[in-house]
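The following exercises concern a single protein model. Please work through each task before reading its solution.

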Amino acid sequence: MVMRRLKFISNVRPFLPVIIGLSLGFSISIVRMPILNEDCVFVSEEHIDRKLNSIPGAKFHPENGLPNSDFKTMSKEEAEAYRKDREYAPAVYDSLEDFEPRIITDPELKPKVDVNLETNKKKIVRTRYISTELGIREKLVSAVITSSETYLSMAVAMNKTFSHHMQKVIFFNGESVANDKALTAPGMTLVTHPDDNPVRILSLTLKYLHLKFKSEYDWFFITTDSTYAQADRVNHIVDHISINRRLYLGKPMSYNDKLGVVNYCSMKSGFIISRLLLLDLAVQLDACTQDGSQASLSPDKWLGRCIKRATSGAVECVDEEEAIFYHTFNMENNNLNFEVETTPEFEEAVTVSGVNSPQMMFQLHKKYSQLEIDKAYKEIGEIQDEIKSLVPKLPEGERELSWPIGINPSFKPTNRWDIIVWDYFTEDYTLTCPGEVPKCDLTGVDKLDIQNILQIALDRLNEKYNPQGLILEKRKLINGYRRFDPQRGMEYILDLLLTVIIENENQEIELSHRVNMLRPLSQVEIIPMPYVTESAKVHIILPLTKQERVYFEAFMDKYAKVCLNNDENVALNIVFVYDPETAQRIHQDDIFAEQKQLLQTYEARYKKDGKEGKLIPWVSIKTEVPSQLKTMDIVAKKYPTESLFLLTSVAANMNTNFLNRCRMNAIPGWQVFFPIPFSQYNPQIIFQNGQVPEQIDIKPSNGHFDLYSFDEVCFYNSDYMASRTKMAATVSAEDSKESLSDLVDTLEVYDVMIKYSQLHVFRAVEPQLTRRYVHRNCNKKNGQEIFDRCERSNAEGLASRTQLAMELFPENKEPSKT
């Protein structure tokens, strides 16, 4: 019996803490249970009102929440106060657990309706930009005071070292009314004030900033063109200071005035003022300018006095705000060599005043850029050391560091089709060539890239081994490999043949060494783009050749369903392309007679009464070598320069979403759009045992994105005409007209935009653009490059590798499922 008891206790002992815990929990619950059990009370509306009326000094009306007494004599403000008391009466509502809210029917709270409107619907006008509707402002606008003598020298130098880091930079100068001298410099915005007085120039500049940008920017940086400004440090200051203050930040200076001691910011060192301060200052600018006692003051002293007057002395110049310092350095009266200057005053300066030449401006920019690079490398090293110190604290299996430290690890493919291929190269040639060429010379940016990476590799090796008394020189590149990893950047593997010079022993050794290098992806930036809408009319240009006639009916059927039936804001223009032989027989045997008859059918079906002109106009051209440029040269002359063109092919499927993409991605004077379409494989191969679907689904078995197709392009007529004009002007005067016509035959619109325009050429995969299978008619007279593209497109557009393999070895096909 004792043994059984001990065995029972030993079995129960592990559960004793749980049993004791449950027992204590039940015991505490019983102790806290109320002794008296009150019945549940139904809380009605009258009960709530009685509770509300029990508030001392308030008798509330049961319908509108206002006091019963003096309800008709209360003001609007008093009524609103009582209503808020009713809403937020925690002492009353805490005891009403089943309170059900009621809608307050107060005529004062109902939306106002304009009785003059024919309908009771108030039209909502949306703003042009989301940022305007949400009240989001930009950060900083910079104003640079210049002069006619220094604008084309110092101002240009400052623009090149400063403007590309800032959101908006405007240059201001002053001229007398009699002086009509015009100053122009590319890429710079100049505002000329009709006055040459320095104080008036600053006053008019502040007025201009207030008028144009008071609702768009939070901070304003004002300086002169004789001041070098570190743009990144100016941005850092405004990014780390709260905008809800009146701030006058710069290099403080002072002078005595009848108002007392005036603290002002030196104009030579630049200064920052906040938007709130500019709003207060704008009211007093005229009064400050008309004050005769300030005629002898310099512009910065005048501004300091005006700010003191506008803010009643509450705001003065400071060089520190929220632990952010505005450091400055003065180059005047200092014969120092800033190339080797290492003082904290110089290295931490936001602005450097006293710059007397563009060369000094560029030298300062080089020096401060190197300081920022050194600082970035130092921070990277500190972060890498911190990552190394945290590795032992990681869980097991996660302690492996990627190289370089802090960069994403290499991409790991999930299958053999995801493997990123390495490209082989040497200093002279590469094995990754366009088309079917096995080997080609390194040229252009590819050659510059290899030369640059070899020099960087040699510099890094010498930085590592020079302290050990070794000097490394490159003999040649034995092997080179590179690939682009979208998670990391461009990776390189270099097999170098080096000569190692040992300084102490005065001897040379030849050895081979492998180097791994990575050019990481830089920070992604949002590029500002001009405002565009989806309301532009699209003029669809369709060239039709003799070989493409059989596909025309399917194209028109798709166009009618998408565009004509839905009243899309588009216009189709057909260009019938005749060769010399068929053009001679056009009256006896027109090869496009059937297609023209089809256009008349659509004309009769969709033409609206009273509408002038043809619904689908067409023109005919005769050429032995069809090309995009010949088509566009004829069409472009018939339309205004602001027309938006969609040059397409008969294989394309019209789609509303793609038309909108065309409108949004083609920007006049800025960008042209070359979509990469999804092209269908040959239906005779991929749909042998079934019907060809009308809709092309984007699947690997149905087709592929054709990288060699440039048939579809969206651009504005003005951009095309400007590029064609520049193309004609670029051709040497010694060339004859035949050479220019040959160039037209061997170029596409893509080539013209790349070579003869400064536009952004936007080329991207476009899933909204699908193309039916059409075998291209490749012509060697179009040039070798276009011919290679055409042949490659035909070869890759036939079918996938698996489907082609099944055609070659049909005995290995899987049995079809019925």
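**Exercise 1. Three loop residues**

Ser312 is found in the loop between α11 and β10 (320-321), where helices (H or I, at least four residues) and strands (E, at least two) are DSSP runs, numbered from the N terminus. The model is a predicted one, in which local features need pLDDT of at least 70, side-chain atom pairs count only at pLDDT 80 or more, and totals for chains, interfaces and linings use all residues. Residues are numbered from 1 along each chain as its sequence is written, and side-chain values use heavy atoms, with hydrogens and water left out.

Task: State the sign of phi for Ser312 and for Ala323, and decide whether Ser312 is buried or exposed.

Solution.
- Step 1. Ser312 is not a glycine, yet its phi is positive, at about 55°.
- Step 2. The relative accessible area of Ser312 is 70%. Buried means under 20% relative accessible area, exposed over 50%, and partly exposed in between (1.4 Å probe, protein chains only). Ser312 is therefore exposed.
- Step 3. Ala323 belongs to the loop between β10 and β11 (324-325). Its phi is also positive, at about 65°, although Ala323 is not a glycine.
- Step 4. With 57% relative accessibility, Ala323 counts as exposed.

Task: Locate Gly187 and give its C-alpha separation from Ser163.

Solution.
- Step 1. Gly187 sits in the loop between β2 (169-174) and β3 (190-193).
- Step 2. Its relative accessible area of 76% makes Gly187 exposed.
- Step 3. Gly187 and Ser163 are 24 residues apart along the chain, and their C-alpha atoms are separated by 9.6 Å.

**Exercise 2. Two buried residues**

Task: Place Cys306 in its element and list what it touches beyond residues up to four places away in sequence.

Solution.
- Step 1. Cys306 is part of helix α11 (residues 299-310).
- Step 2. A relative accessible area of 0% classes Cys306 as buried.
- Step 3. Contact means heavy atoms within 4.5 Å. Once residues up to four places away in sequence are set aside, Cys306 touches Leu281, Gln284, Leu285 and Cys288.
- Step 4. Between the C-alpha atoms of Cys306 and Ala287, 19 residues apart along the chain, the separation is 8.8 Å.

Task: In which strand is Ser142, and which residues is it in contact with outside its neighbours within four places in sequence?

Solution.
- Step 1. Ser142 lies in strand β1 (residues 138-145).
- Step 2. Ser142 is buried, its relative accessible area being 1%.
- Step 3. Apart from neighbours within four places in sequence, its contacts are Phe162, Met166, Lys168, Val169, Ile170 and Phe221.

**Exercise 3. Two helix pairs**

Two packed helices are described by the angle between their axes and the distance between the axes.

Task: Describe the packing of α7 against α13.

Solution.
- Step 1. Axes are lines fitted to C-alpha atoms, for helices over the stretch in contact, and angles run from 0 to 180 degrees between N-to-C directions. Helix α7 (residues 151-162) packs with helix α13 (residues 358-390) at an angle of about 15°, the axes being 9 Å apart.
- Step 2. α7 is therefore roughly parallel to α13. Angles under 35 degrees count as roughly parallel, over 145 as roughly antiparallel, 65 to 115 as roughly perpendicular and the rest as oblique.
- Step 3. The crossing of α7 and α13 is right-handed. A crossing is right-handed if the near helix is turned clockwise from the far one by less than a right angle, and left-handed if anticlockwise.
- Step 4. From α7, Ser153, Met154, Ala157, Met158, Lys160 and Thr161 meet Pro358, Met361, Phe362 and His365 of α13.
- Step 5. By class, this contact of α7 with α13 has six nonpolar, three polar and one charged residue. Ala, Val, Leu, Ile, Met, Phe, Trp, Tyr, Cys and Pro count as nonpolar, Asp, Glu, Lys and Arg as charged, and the others, Gly among them, as polar.

Task: Describe the packing of α15 against α17.

Solution.
- Step 1. Helix α15 (residues 552-564) and helix α17 (residues 593-606) have axes 11 Å apart, at an angle of about 20°.
- Step 2. α15 and α17 are therefore roughly parallel to each other, and their crossing is right-handed.
- Step 3. Phe552, Glu553, Met556, Asp557, Ala560 and Leu564 of α15 make the contact with Gln595, Leu598, Leu599, Tyr602 and Tyr606 of α17.
- Step 4. The contact of α15 with α17 comprises eight nonpolar, one polar and two charged residues.
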